[in-house]
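Q: Please take a close look at the salt bridges in this model, and set them beside the exposed and buried positions elsewhere in the chain. A connected account, with distances and accessibilities, would be appreciated.

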Amino acid sequence: VTDNAGNSAFDEFTLTWDTTNPVVDAGTDAIVNAIYTQDATVTDATSGIATYQWTMEAGPGVVTFGTPDAEDTTISASADGTYLCMLNVTDNAGNWATDTFTLVWDATPPVVEAGPDAIVNAIYTQDATVTDATSGIATYLWTMEAGPGAVTFGTPNTEDTTVNADTDGTYTIRLTVTDNAGNTAFDEFTLIWDTIDPVVYAGPDAVVSALYTQDATVTDATSGIATYL
């Protein structure tokens, strides 16, 4: 600027021209059972980020964001189920963009039924029942917790398995199950393994002329007697 006397002065300002939306990645889908941190990635090459806003778009309960106006935030939910969460980002020029991720919140352990107690004398299949309503099952593990010998599981990492023991006696068998959110539960059953025949003594020979009682002796050390005939 020059005035009428010929004096001059100037001033400058910086113009940042930005017509490009921010690049927003809300982070990976999550399957969790407790409060955790969602790690987002946001970039804006020209004017920079002005605001962040985390919101819950859908779900069976209420999602709580620890820092809802920051790039990363802790997250927890009030009820098990699947949620859709959104991160909305606006840059300093007013351009905005969003991204969503799916949150599966599962704080409930699986329901595990290892199957009925068993009395057997040869390899057999143990039929378990396992359910998990929210995140699904991640792993199964069959183990022997107590017993006089070794137990062999045909498929120790599946819901059902064949079972075989090397020594007669009573065993405690456990099925431990973990779901995709990290919740764990187990159930046990009792296995009686008995490959030895009963010991039977029918009693002494008898010469009689009238009704009498025959005194037999029968023993079975492991599983006990089921029937006499």
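A: Phe 13, Leu 15 and Trp 17 make a nonpolar surface patch of about 490 Å² in this predicted model. One member of the patch, Leu 15, is located in the segment before β1, a strand that covers residues 23–25. Its relative accessible area is 62%, so Leu 15 is classed as exposed. The segment before β1 also holds Asp 11. With a relative accessible area of 73%, Asp 11 is likewise exposed, because the threshold for that class is over 50%. Asp 11 and Gly 182 are separated by 171 residues in sequence, and their C-alpha atoms are 62 Å apart in space.

The salt bridges are the part requested. The search of the whole structure finds two of them. In one, Arg 174 pairs with Glu 145, and the closest N and O atoms are 3.9 Å apart. This pair links distant parts of the chain: Arg 174 belongs to strand β17 and Glu 145 to strand β14 (residues 137–146), with the two positions 29 residues apart in sequence. The cut-off for a salt bridge is 4 Å, so the 3.9 Å separation of this pair falls within it. Glu 145 has a relative accessible area of 40% and is therefore partly exposed. Arg 174, at 21% relative accessibility, also counts as partly exposed, because the buried class is reserved for values under 20%.

In the other salt bridge, the side chain of Arg 174 meets that of Glu 188, with an N to O distance of 2.6 Å. Arg 174 is in strand β17 and Glu 188 in strand β18, so this pair ties together parts that are 14 residues apart in sequence. Glu 188 is partly exposed as well, its relative accessible area being 32%. Through shared partners, the salt bridges join Glu 145, Arg 174 and Glu 188 into one network.

The strands β17 (169–179) and β18 (184–193) are separated by a loop that contains Asn 183. Is Asn 183 buried or exposed? At 8% relative accessibility, Asn 183 counts as buried. A polar atom of its side chain lies 3.5 Å from the backbone oxygen of Thr 108. Beyond its neighbours within four places in sequence, Asn 183 is in contact with Asn 33, with Asp 106, Ala 107, Thr 108, Pro 109 and Pro 110, and with Val 177 and Thr 178.

A further buried position is found in another loop. Gly 115 lies between β10 (111–113) and β11 (118–120), and its relative accessibility of 8% places it in the buried class. Its contacts, again leaving aside neighbours within four places in sequence, are Gln 126, Asp 127, Ala 128 and Phe 189. For one of these partners, Ala 128, the C-alpha to C-alpha distance from Gly 115 is 4.7 Å, across 13 residues of sequence.

Methods:
Residues are numbered from 1 along each chain as its sequence is written. This is a predicted model: local features need pLDDT of at least 70, side-chain atom pairs count only at pLDDT 80 or more; totals for chains, interfaces and linings use all residues. Side-chain values use heavy atoms; hydrogens and water are left out. Patches are made of residues with over 30% relative accessible area and no salt bridge: like charges are joined within 9 Å, nonpolar side chains (Val, Leu, Ile, Met, Phe, Trp, Tyr) within 5 Å. Accessible areas come from the Shrake-Rupley method with a 1.4 Å probe; for residues, only the protein chains shown count as cover. Helices (H or I, at least four residues) and strands (E, at least two) are DSSP runs, numbered from the N terminus. Buried means under 20% relative accessible area, exposed over 50%, partly exposed in between (1.4 Å probe, protein chains only). A polar contact is a pair of N or O atoms within 3.5 Å; within protein, one must be able to donate a hydrogen and the other to accept it, and residues adjacent in sequence count only if both atoms are side-chain atoms. Contact means heavy atoms within 4.5 Å.
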